[in-house]
Amino acid sequence: MRLVIAEKPSVAQSIARVLGAKKRGDGYVEGNGYLVSWCVGHLVELAEPDAYDPRYKKWSKEDLPILPAEWKYKVSSGTRKQFDILKQLMNRKDVTEIICATDAGREGELIFRLVYHQCGCKKPFLRLWISSMEDSAIRDGFASLKPGSEYDRLYEAALCRERADWIVGMNATRLFSVLYGRTLHVGRVVSPTLAMAVLREAEIDAFQPEKFYTVNLILENDVTAASGRIKEKPDAEALSGSCAGGTAVVTKCERKEKSEKAPALYDLTSLQRDANRILGFTAQQTLDYTQSLYEKKLVTYPRTDSRYLTDDMEEKVPALAGVAAKLTGKVVPDGIAVKPVINSKKVSDHHAIIPTMSAEQADLSALPPGEREIFHLIATRVLASVAPPYRYAETVAEFQCAEEIFTVKGKTVLDTGWKAIEKPGKTDKADKAEPPLPAMKVGDSFPVRSAETKEGQTKPKAHYTEDTLLSAMERAGADEMPDEVERKGIGTPATRAGIIERLVTRGFLERKGDKKAKNLIPTEKGAALITILPEQLQSASMTADWEEKLLKIERGEYSPESFMTEINAMVSDLVDNYQVVKDAAVIMPDTGKSLGKCPICGADVVERPKSWSCSGRDCSFVLWKNNRYFEAIGKHLSESVARKLLKNGSIRMKDCYSRRLDKNFDATIFMAFDENGRVQFQMEKGGTR
C-alpha cells in the first residue's frame, strides 16, 4: 500500500480520482493500492521561545539573543486532528511507501518533511513533481516518481529560510519592542521591503518642484514642434516673440523602422503586476485566484519564477494557442512565433504560467469573477507571446527658428502585431501621443502660424503601488550582485505577496487611492520603525544576498551550516551593539493609546505583542492578532479591523473565502461573547446570521 500526502484536500481529491482511490475514510481516500491524504497548510510549526526555556515567556533584553541549538516543533491545535490521521496512516503496517505530493516547491517540501519527521516516520518516500493538476500530468508524474533524497537540498534550503526568519523575527522584534516600550514587528524580509517604501515616501516629501518653460511652434503644415526646457519665463517669452511670424527650417528629418518584440509569458510576479495595474487586484488576491485555477486544473503551477517553456513543449505551443484563442474569443496570430517562448535554460523548477489543455472544456462563466479575469490575462498573454512583433516607423524632425532647435516626433504603425491582442488601453498611449508626420525633407521651410509659451513643473517619483513595489522587490540589490546570479531581490515570487500583506495587516503600510491604483503608503508607525532600525535590517542587498545563498543551498553550492552561522552572527551583533536612537520618544508614535473601549468592562483596549487586550486588571477581553476565524475566511484581524469591531461590534468585509464552496463572498462579521467573556465571531451572509 502506498500513502500519498498532498498539501490540500482539493488536490488530494484530484490525485485520488486519477489513481482510482474512491473509498472515503476520515481524512483520507483509499483504493486501488493507495491511501491518499492531505495536510492543511503547515501542520507542524516552529515552537515559541518559551518551549526552550520558560523564562522566555517574558520579553527581556538580557535573555537575547535566543539561538536554539536543537530546534523544537509543535503541532498547532487547530490542525491536530489531521496530523494524527497522517501519523496513523504512516504507521499502518500495510503502508510500505510514502509519496510526497505537496506543492512542487520549497514550501511544499518543508510542509511534508516536517510532518514526516514529527511523526517519527522512517519509511521510504518518493517525490511527485508536477506543474499541472491535469489528469494526464498527474499520471505522467506518478510514472516518473523521484527518490525523496533527490530533494534533500531543497528541504535544507527551506529549513534555513524558516529558521532564519524565526531567529531574526523573534530576536529583533523582542529587542526593539523592549527598548522602545511598544510592540514592533521586525522581519528578515519585511523590514527591507518597508524600508524601500519609507525611502520612496521620504523622497516624495522632500521633493521641491521646479518650474520650467517650453515654446511650441505651430507650423503651416500642422506640425507642432517644441523647444527644450527653458528655466526662466522671460527667456521663453522672448524666444516665442522672436519666432512668431517667422519661418522654421527643417535641419533634420530621419525615419527609422523599429519593432517591439512580444512580451514573455507570465511568471507569478509579472502576473501580479499586470493584475494590479489592469484589474486593481492585490498581489495576494492574484496568487489566491491563480492557486484556485491551478487546483481546478485550468492553469499550470503558479509559484514560478520562469517566463518560458521547456524545449520538449515546443510542439504543443500551436495547440496551446488554439485553446487560449477559444477561451478568450480572440484569433490565433498568423504564423505564430514558437521559438521566443521556448528556453529550457531559463526554466528552473517550473515553467511559465499557462492554461492547461483540459481548460478547453471548462465553463469559464461558472468561475468567480476574480478567477475568470486572471484566467483571461493568462490566456491572452499566451496569444500575445507567440504573436509577431509590433512594428512601427518613427520619424524625428528638427526645425531651426530664431537660432533655436525645435523637435517633433511622429509614428506610423506598420504592423500592430501582439499589441492587437493585449488588453486595449494598456500599451497604446505612446501611439496616440505621436501621430504620423507629413512628408518633409531637410531644407524645407514652413511659416510659423503661432508660437506659444508653455509652463511645466518637475514631478516627484510616484508612490509605490503593488505593481511597482513588486518590481522593486524583484530588482532589489541587483546592481550589487553579479550578472550571472539567477535569483535576485527580496523574497521569491511565492512569498512577495505575503510580505506586502504582513506589512499592511501589522499597520506599517496602508493602501490609499482609487480602486484600481491603490498606493502603498507607509504609516507613521512604519516610518518610525525604519527610523530606528539599523542598516543591516533595512538592507535590500543583504536580503537579496541571503536569497541567492538559499538558492545555492538548493544546488549544493553553499552549506546550510554556513548560512545559519551567518544569520546567528548577525543577530548576536545586533543584540550586543545596537544603540537606542536619541530622542526616540519624539520619533515613535504613541502606540499605547487606546484602540477603543472594552465591550465588557468599558476600559481602554490597548495593543500587546500578540493581541489587542483590555487594560482592565480583572477583565479577560482579548482579540488575538493571529486569529484563526479570520484566517479561515482568507482575512486578517488587523488594527483597523479591531478598531471597527470595538466601535460597532461588527465589520463588513468583502471577498471572504469559503474553502468548502471554493468561492468568495461578502459578509458582516459580528463580535459576540460566551459566558466567560471570550470572543466568539458570528457571520451574517445573505441577510441571515
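What follows is a look at the overall build of the protein and then at one residue, Thr-543, in a predicted model.

Starting with the big picture, the fold is a mix of 21 helices and 24 strands. The chain runs to 689 residues, for which a compact globule would be expected to show a radius of gyration near 26 Å; the value here is 30 Å, which agrees. Laid out along its principal axes, the C-alpha trace covers about 95 × 65 × 55 Å. Buried residues account for 52% of the 689. As for how the chain meets itself, take the contacts with a separation of 6 or more: 71% of them link residues 24 or more positions apart.

On the outside, the accessible surface adds up to about 32,500 Å², and carbon and sulfur atoms supply 48% of that. Charge comes as 102 positive and 98 negative side chains, with the centres of the two sets 5 Å apart.

Zooming in, Thr-543 sits in helix H17, which covers residues 540-555. Is Thr-543 buried or exposed? With a relative accessible area of 1%, Thr-543 falls under the 20% cut-off and so counts as buried. The Thr-543 side chain also has a polar partner: it reaches the backbone oxygen of Ser-539 at 3.1 Å. Beyond its neighbours within four places in sequence, Thr-543 touches two stretches of numbering, with Arg-188, Val-189 and Pro-192 among its contacts, along with Gly-489 and Ile-490.

Definitions and conventions. Residues numbered from 1 in each chain as written. Predicted model: local features only at pLDDT ≥ 70, side-chain atom pairs only at ≥ 80, totals over all residues. Heavy atoms only, no water. Helix = DSSP H or I, 4+ residues; strand = E, 2+ residues; numbered from the N terminus. Rg over C-alpha atoms; globule rule 2.2 N^0.38 Å. Buried < 20%, exposed > 50% of the residue type's maximum accessible area, 1.4 Å probe, protein only. Contact = heavy atoms within 4.5 Å. Areas by Shrake-Rupley, 256 points an atom, 1.4 Å probe, with all protein chains shown as cover. Lys, Arg positive; Asp, Glu negative; His and termini not counted. Charge placed at Lys NZ, Arg CZ, Asp CG, Glu CD. Polar contact = N/O pair within 3.5 Å; in protein donor to acceptor, adjacent residues only side chain to side chain.
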